[in-house]
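Here's a quick report on a single protein chain. Have a look at the model first, then read on.

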Amino acid sequence: ESQQEEECEENFRKSCFIEYEKIAFNETVAVCRTPLVKDCDVQGPEICRTEYESECWTKQEVHDVEDDVVSCTTEVEEKCEDETSGYTTNTKCSKWPKEVCTVEKKAVKK
């Protein structure tokens, strides 16, 4: 009896991107900073100048999204063949591990 065996592999690739958009909005935020303070104990000429402070921040917003979650298990695959030697037939089996993966969509927060 002839047998044909085909080995298949499944590969999963996840492609993600982050999209930024410029939008103006009003929001009240608490800013913690240490302002410049005049130190009268330092000797030398008094220098008058205008100091500017700049501020920027990034806000991470939580979103409910559906994400692909891959879960894999290792299973043992077995293949047996009959070997005939003279008048005797023996069954020879070989085993090897095989990774089996499934993809399912789950609701996650990002």
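## Contacts along the chain

Let's start with who touches whom in this predicted model. Take the contacts in the protein chain between residues at least 6 apart in sequence: 62% of these join residues at least 24 apart.

As for secondary structure, the protein chain has 2 strands and 0 helices.

## Overall dimensions

How does the radius of gyration of the protein chain stand against that of a compact globule of 110 residues? The globule would come in near 13 Å, but the protein chain has 34 Å. Measuring along the principal axes, the C-alpha trace spans about 110 × 40 × 20 Å.

## Surface and charge

What share of the 110 residues is buried? Just 1% of the protein chain falls in that class. The exposed area of the chain is about 12200 Å², and 47% of that is supplied by carbon and sulfur atoms.

On the charge side, the protein chain carries 28 negative and 15 positive side chains. The centres of those two sets lie 5 Å apart.

## A look at Ile23

Ile23 sits in the segment before β1, the strand that covers 64-85. Is Ile23 buried or exposed? Ile23 counts as exposed because its relative accessible area is 58%, and the cut-off for exposed is over 50%.

Ile23 also gives a feel for distances in the chain: Gly44 is 21 residues from Ile23 in sequence, and C-alpha to C-alpha the two are 47 Å apart in space.

Terms used:
Residues are numbered from 1 along each chain as its sequence is written. This is a predicted model: local features need pLDDT of at least 70, side-chain atom pairs count only at pLDDT 80 or more; totals for chains, interfaces and linings use all residues. Side-chain values use heavy atoms; hydrogens and water are left out. Helices (H or I, at least four residues) and strands (E, at least two) are DSSP runs, numbered from the N terminus. The radius of gyration is taken over C-alpha atoms; the globule rule is 2.2 Å times the number of residues to the power 0.38. Buried means under 20% relative accessible area, exposed over 50%, partly exposed in between (1.4 Å probe, protein chains only). Contact means heavy atoms within 4.5 Å. Accessible areas come from the Shrake-Rupley method with a 1.4 Å probe; for residues, only the protein chains shown count as cover. Lys and Arg count as positive and Asp and Glu as negative; His and the chain ends are not counted. The place of a charge is taken as NZ of Lys, CZ of Arg, CG of Asp or CD of Glu.
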